[in-house]
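Visitor: Could you take me through this chain step by step, beginning with how its contacts are spread along the sequence?

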Amino acid sequence: MHEQPNEVQGARYSPTSIRATWDGTGSVEDASRALGFSRAKGYDLARRGEFPCRVLRIGRSTRVVTASLLRVLESGEPEYNNARA
C-alpha cells in the first residue's frame, strides 16, 4: 500500500530522520515544516526573535540550529532566541 503524502513528509521531518540527514544547522523552511507551520510563518517568527528554537543569522542567511530543533521536537517546549536574559 502507498503511504499518504503527509505521512512521508512527517517521516522526513522526524527527529530520527533529522539526526541522520542534517548537519549542524538547517533551513528555516525545513525547520518550520518539522514544527508544523508554513515557511512564511517560520521566517516571520525568526525575524521577531520568536522562532521556537535557536536561530543564527549568518550574513544574509538565517539558519536553525539542529540540536535546538531536536530538543524542541522531543520536549515540546520552545527555546526562544530571546528566552535567556
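Visitor: Among the contacts in the chain with a separation of 6 or more, what share is accounted for by residues 24 or more positions apart?
Guide: This is a predicted model, in which local features need pLDDT of at least 70 and side-chain atom pairs count only at pLDDT 80 or more, while totals for chains, interfaces and linings use all residues. Residues are numbered from 1 along each chain as its sequence is written, and side-chain values use heavy atoms, with hydrogens and water left out. A contact here means heavy atoms within 4.5 Å. Among contacts with a separation of 6 or more, the share from residues 24 or more positions apart is 49%.

Visitor: Which pattern of helices and strands does the chain follow along the sequence?
Guide: Helices (H or I, at least four residues) and strands (E, at least two) are DSSP runs, numbered from the N terminus. The chain has five helices and three strands, and their order along the sequence is α-α-β-α-α-β-β-α.

Visitor: Why do the buried residues of helix 4 lie on the same side?
Guide: Buried means under 20% relative accessible area, exposed over 50%, and partly exposed in between, with a 1.4 Å probe and protein chains only. In helix 4, which spans residues 39-48, the buried residues are Gly42, Leu45 and Ala46. They are on the same side of helix 4 because the arc they cover around the axis, taken from the directions from the helix axis to the C-beta atoms, is only 100 degrees.

Visitor: Which exposed residues does the opposite face of helix 4 carry, turned away from its buried side?
Guide: The buried residues of helix 4 pack against helix 3, strand 2 (55-58) and strand 3. On the face turned away from that buried side, the exposed residues are Ala40 and Arg47.

Visitor: Which elements do the buried residues of helix 5 pack against?
Guide: Helix 5 covers residues 66-75, and its buried residues are Thr66, Ser68, Leu69, Leu70 and Val72. Helix 5 is followed by Gly76, with a positive phi near 80 degrees. The packing partners of the buried residues are helix 2 (15-21), strand 1 (25-27), helix 3 (28-35) and strand 3 (61-65).

Visitor: Leaving aside neighbours within four places in sequence, which residues is Ser68 in contact with?
Guide: Ser68 lies in helix 5, and Ser68 counts as buried because its relative accessible area is 1%. Once neighbours within four places in sequence are set aside, the residues in contact with Ser68 are Cys53, Arg54 and Glu79.
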